[in-house]
Structures are given as C-alpha cells and as structure tokens.
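Student: I have a new model open on my screen. Could you show me how to read it, step by step?

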Amino acid sequence: MSYKNRKFLHTSSVDAPARQTISTAYTELTGSRCAVSVPCDLYYKYSFYFSTIYDFTTGSTGAYEKPFLHFKLQSSTDNFVSNIVDISGTSHSMSGDTGQDRDYYYATQVCFFIIENFTASHIRLVARSYSASNRADLHRARQWNSSDNTEVYVNPTLICLEL
C-alpha cells in the first residue's frame, strides 16, 4: 500500500476587500480564483459576507433590495482568458428570504463543493443577482453598531485541496 504524502493545498484570504456589488451579469467573486497544480478530486470552500443594498438617496422612505443570488463554479485551462467552462452540478442559489419592506439582511455565506476528477488548471466562483432589484453587496457592510457612517468588512477566504 502506498500513500501520497504531498497533496495540493491552496489557502488564501483577501485583506480589507473592496465592496463588490453583484448585478445581473455573472461576476467573479473577489478571492475565489485558484490555480490547481495537479489533476485530482478537489475540495473547494469559499467563505464571504453579503448584505442587503439600501438606497440611501431616498432617505427614510428608501428601498431595501432583497438579495437573491445565483452561484456556479467555472474552470479554465488558460486562466480564464478564453477557455471558460461551467462545472456541472455546482449551480446553487442564495436569498435573504425576507418579505418585509424595511429589512436589512446580512450573513456570512459558505460555498462548498467536492469536484471529482478535476483536470483543469484554474477554478473560480461566479455569481449574479436574480434581477436588478435583488442585488447584494459582498465583503463589506454599510452599517455597523447602529451607525450608517461606519463600514466594516469581512475578508473572503478560500480553501482548495486535493482529496
């Protein structure tokens, strides 16, 4: 019996990320890309923070968008220059599930996948909103501790490893 002593492992975290607003077009999530060095069964786990978007321009009668996002993993053999492939079975959705007109929703979200027989050289997570009124902000919150003037962030993290 033999064992493989050195397996592929990638861990990363983006320090003080910029706010990333997810619109209706698929967008790569900050810090979700990884170069995979060997063909393998792959463990992929990406953690991030998301929050409701609030229209500050209308003041106390403003509108809260109810977040509803679609996610999928993509692979590439040329670092996403032209050869981009959606990975089958990795599509899922996430929503704020609020029916209130004035609710602010925020949470840490984890996207986790096990991909068998991964042979591409790169992998990433992309997302889009269901509609223009279901967008979400990622990585930063516009309010903290009952103040609209304080912004906080959560570093997105990625773990990719060979099983």
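Tutor: Happy to: we will go from the whole chain to one central strand and then to a single residue. Keep in mind throughout that this is a predicted model.

Student: Let's begin with the overall build. How many helices and strands does the chain have?

Tutor: A count of elements is a good way in. Here the chain has 0 helices and 14 strands, so reading from the N terminus you meet β after β, with the order β-β-β-β-β-β-β-β-β-β-β-β-β-β.

Student: And what share of the residues in the chain is buried?

Tutor: For burial, the cut-off to remember is under 20% relative accessible area. By that test, 40% of the 163 residues in the chain are buried. The accessible surface of the chain is about 8,900 Å², and carbon and sulfur atoms hold 48% of that surface.

Student: What do the contacts say about sequence separation?

Tutor: Take the contacts in the chain with a separation of 6 or more: 78% of them link residues 24 or more positions apart.

Student: Now for a single strand. Why is E6 described as largely enclosed by the rest of the structure?

Tutor: Look at burial residue by residue along the strand. E6 covers residues 68-76, and because 8 of its 9 residues are buried, the strand is largely enclosed by the rest of the structure.

Student: Which strands does E6 pair with, and in what sense?

Tutor: To read pairing, follow the bridges from strand to strand. With E10 (residues 122-129), E6 pairs in the antiparallel sense over 8 bridges; one residue pair to find there is Phe 71 with Ala 127. E8 (residues 92-95) is also antiparallel to E6, joined by 4 bridges, and Phe 68 has Ser 95 as its bridge partner in E8. E7 (residues 84-86) pairs with E6 through 3 bridges, again antiparallel, with Ser 75 partnered by Val 85.

Student: Let's zoom in on Gln 20. Is Gln 20 buried or exposed?

Tutor: Compare its value with the cut-off. Gln 20 has a relative accessible area of 11%, and buried means under 20%, so Gln 20 counts as buried. You will find Gln 20 in strand E2, residues 20-22.

Student: What does the side chain of Gln 20 reach?

Tutor: For a polar side chain, check which atom lies at the other end. The side chain of Gln 20 reaches the backbone nitrogen of Thr 30 at 3.0 Å. Setting aside residues up to four places away in sequence, Gln 20 also touches others, including Thr 27, Leu 29, Asp 137 and His 139.

How values were computed
Residues numbered from 1 in each chain as written. Predicted model: local features only at pLDDT ≥ 70, side-chain atom pairs only at ≥ 80, totals over all residues. Heavy atoms only, no water. Helix = DSSP H or I, 4+ residues; strand = E, 2+ residues; numbered from the N terminus. Buried < 20%, exposed > 50% of the residue type's maximum accessible area, 1.4 Å probe, protein only. Polar contact = N/O pair within 3.5 Å; in protein donor to acceptor, adjacent residues only side chain to side chain. Contact = heavy atoms within 4.5 Å. Pairing = 2+ DSSP bridges. Areas by Shrake-Rupley, 256 points an atom, 1.4 Å probe, with all protein chains shown as cover.
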